[in-house]
Amino acid sequence: MLSMVLLALQTATAPDSAPSPPPPPAAAQVPPTVESAIVPPRRPRPPAEPAVNQVAHVTILSGRSELWKGQLHLSSNGSASFTQTRRESYACTGDPGRRAYESEIENLNFSIRGATSARQQGYTISVSWKRPLDRNQTDGCQDMSERSVALRQTVDIQPGKSIRLDGDAGLAVTILLRPD
């Protein structure tokens, strides 16, 4: 058996064995054929409604407290937003190994986005509010707790009519759209 394997190896590696023929030149190869395909015509999109400039009169409340009231300009298929940040710092006393102060941050964010496609209708409203816990309820610099609440909803807003959206923890937003 070993002699047969040796004979097969000698025959396969013998220098007098004929080399394999080279591949045909590229010009001699037959190019692939392209068959015609029937492509159905695209259905035309319905014409988009022209964008309308508007003013959004916005009031954001927490219970009975007004967090922000103002106007934002937007097109009916665009967006507008408002962000407010307040940062304060307080001295830490007592433990000399602790930092000298702690920061409290309050953020209020509002955005309104109009329909961006024929499938989407109305406006997407987003409101978020993050605030520190009342300092009277905390243990100074050892407990810098915070609370947050958010609201996101898509609604149909008719021009000239106001809507009110109520979220958790007393967060509410009232929006009135008028032509610009």
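The questions and answers below deal with a predicted model.

Q: Which residues have the most contacts inside the largest nonpolar core?
A: Nonpolar side chains tend to be buried together in soluble globular proteins. The largest nonpolar core here has 26 residues. Strands 1 to 8 each supply at least two residues of this core. Those with the most contacts inside the core are Ile60, Phe110, Ile112, Ile125, Ile157, Val173 and Ile175.

Q: With which residues is Ile157 in contact, leaving aside its neighbours within four places in sequence?
A: Ile157 is one of the residues with the most contacts inside the largest nonpolar core. Contact here means heavy atoms within 4.5 Å. With neighbours within four places in sequence left aside, the partners of Ile157 are Ile112, Tyr123, Ile125, Ile163, Ile175 and Leu177.

Q: In what order do the 4 strands of the open sheet stand?
A: Strands of a sheet pair through backbone hydrogen bonds, either parallel or antiparallel. In this open sheet the pairing is antiparallel. Strand 2 and strand 7 each have a single partner strand, so they stand at the edges. The order is 2-1-8-7.

Q: Over how many bridges do strand 1 and strand 8 pair?
A: The two strands belong to the open sheet with the order 2-1-8-7. One bridge joins His57 to Leu176 in strand 8. Strand 1 and strand 8 pair in the antiparallel sense, and the number of bridges is 9.

Q: Which side chains of strand 7 point to one face and are buried?
A: In a regular strand the side chains alternate between the two faces of the sheet. Along strand 7, Ser162, Arg164 and Asp166 point to one face and are not buried. Arg164 stands opposite Thr174 in strand 8. The side chains that point to the other face of strand 7 and are buried are those of Ile163 and Leu165.

Q: Which residue in the hairpin of strand 7 and strand 8 takes a positive phi?
A: Most residues other than glycine have a negative phi. The hairpin has 4 residues between the strands, and one of its residues has a phi near 55°. That residue lies in the loop between strand 7 and strand 8, and it is exposed, with a relative accessible area of 56%. The residue is Ala169.

Q: Is Arg86 buried, partly exposed or exposed?
A: Arg86 has its place in strand 3. Buried means under 20% relative accessible area and exposed means over 50%. The relative accessibility of Arg86 is 32%, so it counts as partly exposed.

Q: With which side chains does the side chain of Arg86 make a polar contact?
A: Leaving aside its neighbours within four places in sequence, Arg86 is in contact with Glu104, Ile105, Glu106 and Pro132. A polar contact of 2.6 Å joins the side chains of Arg86 and Glu106. Another, at 2.8 Å, joins the side chains of Arg86 and Glu88. The side chains asked for are those of Glu88 and Glu106.

Q: How far apart are the ring centres of Trp68 and Phe82?
A: A pair of aromatic rings is described by the distance of the centres and the angle of the planes. Trp68 is in strand 2 and Phe82 is in strand 3, so the pair ties together parts that are 14 residues apart in sequence. Trp68 is buried at 13% relative accessible area, and Phe82 is buried at 16%. The planes are at 20°, so the pair is stacked, and the centres are apart by 3.9 Å.

Conventions:
Residues are numbered from 1 along each chain as its sequence is written. This is a predicted model: local features need pLDDT of at least 70, side-chain atom pairs count only at pLDDT 80 or more; totals for chains, interfaces and linings use all residues. Side-chain values use heavy atoms; hydrogens and water are left out. A nonpolar core is a set of buried Ala, Val, Leu, Ile, Met, Phe, Trp, Tyr and Cys residues joined through side-chain atoms within 4.5 Å. Buried means under 20% relative accessible area, exposed over 50%, partly exposed in between (1.4 Å probe, protein chains only). A polar contact is a pair of N or O atoms within 3.5 Å; within protein, one must be able to donate a hydrogen and the other to accept it, and residues adjacent in sequence count only if both atoms are side-chain atoms. Two strands pair if DSSP finds at least two bridges between them. Rings of Phe, Tyr and Trp (its six-membered ring) pair if their centres lie within 6.5 Å; planes under 30 degrees apart count as stacked, over 60 as edge-to-face and the rest as tilted.
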